[in-house]
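Here are a few notes to help you find your way around on a first look. Keep the structure open beside you and take the points in order.

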Amino acid sequence: MTHPAQPKASHFINGEYVEDTAGTPIPVIYAATGEQIATVYAATPAIVEQALSTAKEAQKAWAKMTGTERGRILRRAADIMRERNHDLSVLETYDTGKPLQETLVADATSGADALEYFGGLAASLTGEHIPLGEDWVYTKREALGLCVGIGAWNYPTQIACWKGAPALACGNSMVFKPSETTPLCALKVAEILIEAGAPAGVFNVVQGMGEVGGALVTDPRVDKVSLTGSVPTGKKVYAAAAAGMKHVTMELGGKSPLIIFDDADVDNAVGGAINGNFYSSGQVCSNGTRVFVQKGIKEKFLARLAERTGNAIIGDPMDEATSFGPMVTENQMNIVLGYIEKGKEEGARLICGGKRADMDGYFIEPTVFADVTDDMTIAREEIFGPVMSVLDFDTEEEVVARANDTEFGLSAGVFTKDFTRAHRVIGNLEAGSCFINSYNDAPVEAPFGGVKASGVGRENSKEAIKHFSQVKSVYVRMGDVEAAF
Ligand code: NDP
């Protein structure tokens, strides 16, 4: 019998599901059991061509609609997503292995927030009038054209919406390629947009590996590329886009600092560290994986952290009581286990976890290392799994310098009751998305993105509009033209 997660076909182009079994088969594995639940096929060159030509054509009429009309469609799509939240969350859990407890509140819901927010903004995207005596200049905010979205595997619904909603609000069309690891959810986003009234071809989904992404990024018809992925992939995609002088948004990896001062509320700081390391089993780009704890509070913090981490409920992600799921793939599990071994070898002190959980599927116990030093591999490289490194510090000056000593700059957080210090420290940290006495909140109203190697551009908020549109300026002369001859 066909598994309920099996999509009708692999791709969604020009308003309908499209199949081409000549492409490389991509098995979809449910991470909690290792069972194959679906198969999709990578896009062939013919499928890529169909998606790009359709999107290019559909964009023209879409951009000519009023912002109010476009916005209404996006907001209708948001309503449909919310109505179907349960089914979409189950699919997200099949796609990623993340527990239903999380997907019910973080995936289709945040996708719907993006559709609603950018739907609301669509009607207010205007230019300005610049008076110049009798003459004037007016500006228009125009769509870029055809945009390509490429997603990572941790938030397949959210990433499709975070890219699709602002792109469409501005009058662009999109061809979206999900990660080959999680190909299912973006198809549902495409289906819902059509149901909400989006013209066929405005939002298309094609499957495939890096090769398909590469074909999309280098096509001369494409005006913009928005990637969520790792820094190495980001460098390749950015370079390919630059060769075609395309706009880019790069949402890449991190190794973010979470700084806890002696005066912090211990339980809140522990809660922040848990949210910043163990949500989605640690597969979150903005995670605060370098937890710097001031020496005075260290033992108290570690004791409470170990106690609360022991309360994690690891198991069947479809059981709503489960609060901690598996790694997305066997490969990712092995990468993370490799880092855990490195942590042990390099002399970090294991506080809890540290091994694969004793059950089917790709589960790793939530792991905390203490006495981690700046030069250890686990403190330098993005692990993308449930491995928290706790480092000690004495002074504010010292911790800020150490926190900034990394190529990454996605997020940063600080826990302290001293607000003057909180703002000063955040002001001195090299990071794009920061938190004071909190960690990992990502409301659509707030800009999200990194500095340094962690990215270029911002998603969400009014900032995203700037990255999916361009300004045309028009000089209007009221009198005669003066010329030299
Ligand atoms: P990857 O960088 O491996 O892949 C990202 C996407 O790019 C995938 O769809 C991948 O396809 C595609 N791709 C790979 N090579 C190319 C290429 N040459 N040209 C075009 N596309 C290509 O990232 P992961 O999927 O492993 O995701 C984890 C990473 O994503 C982490 O580093 C994490 O920090 C980052 N991330 C960043 C976020 C942010 O907002 N800043 C949010 C979430 C994750 P395929 O995988 O099918 O080969």
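**Notes on a helix pair, a sheet and two buried residues**

1. Let's begin with a pair of helices; please keep in mind that this is a predicted model. Helix H14 (residues 396-404) packs against helix H15 (residues 419-428) at an angle of about 35 degrees, and their axes lie 10 Å apart. The crossing of H14 past H15 is right-handed.

2. Which residues make this helix contact? On the H14 side they are Glu396, Val400 and Asn404, and these meet Arg421, Arg424, Val425 and Asn428 of H15. Sorted by class, the contact has two nonpolar, two polar and three charged residues.

3. Next comes the sheet. Its seven strands form an open sheet with mixed pairing, in the order S14-S15-S16-S13-S12-S17-S18. At the edges you will find strand S14 (349-352) and strand S18 (433-436), each of which pairs on one side only. On average, neighbouring strands are turned by 20 degrees against each other, direction ignored.

4. It is worth zooming in on one of the edges. S14 and strand S15 (residues 367-370) run antiparallel and are joined by three bridges. In one bridge pairing, arginine 349 has alanine 370 in S15 as its partner.

5. Which helices lie on this sheet? One is helix H11 (residues 298-309), which lies across strand S12 (257-260), strand S13 (290-294), S14, S15 and strand S16 (387-393), and runs at about 45 degrees to S14. H14, from the helix pair above, also packs on the sheet: it touches S12, S13 and S16, and its direction makes about 145 degrees with that of S16.

6. Now for a single residue, glutamine 332, which belongs to helix H12 (residues 330-345). Is glutamine 332 buried or exposed? Its relative accessible area is 9%, and buried means under 20%, so glutamine 332 counts as buried. Setting aside neighbours within four places in sequence, glutamine 332 is in contact with Trp153, Gln283, Met327, Ile383 and Phe384.

7. The last stop is serine 411, in strand S17 (residues 411-415). With a relative accessible area of 1%, serine 411 is buried too. Its side chain reaches the backbone oxygen of serine 433 at 3.2 Å. Again leaving aside neighbours within four places in sequence, the contacts of serine 411 are Ser256, Pro257, Ser286, Ala431, Ser433, Phe435 and Tyr439.

How values were computed: Residues are numbered from 1 along each chain as its sequence is written. This is a predicted model: local features need pLDDT of at least 70, side-chain atom pairs count only at pLDDT 80 or more; totals for chains, interfaces and linings use all residues. Side-chain values use heavy atoms; hydrogens and water are left out. Axes are lines fitted to C-alpha atoms, for helices over the stretch in contact, and angles run from 0 to 180 degrees between N-to-C directions. Helices (H or I, at least four residues) and strands (E, at least two) are DSSP runs, numbered from the N terminus. A crossing is left-handed if the near helix is turned anticlockwise from the far one by less than a right angle, and right-handed if clockwise. Contact means heavy atoms within 4.5 Å. Ala, Val, Leu, Ile, Met, Phe, Trp, Tyr, Cys and Pro count as nonpolar, Asp, Glu, Lys and Arg as charged, and the others, Gly among them, as polar. Two strands pair if DSSP finds at least two bridges between them. Buried means under 20% relative accessible area, exposed over 50%, partly exposed in between (1.4 Å probe, protein chains only). A polar contact is a pair of N or O atoms within 3.5 Å; within protein, one must be able to donate a hydrogen and the other to accept it, and residues adjacent in sequence count only if both atoms are side-chain atoms.
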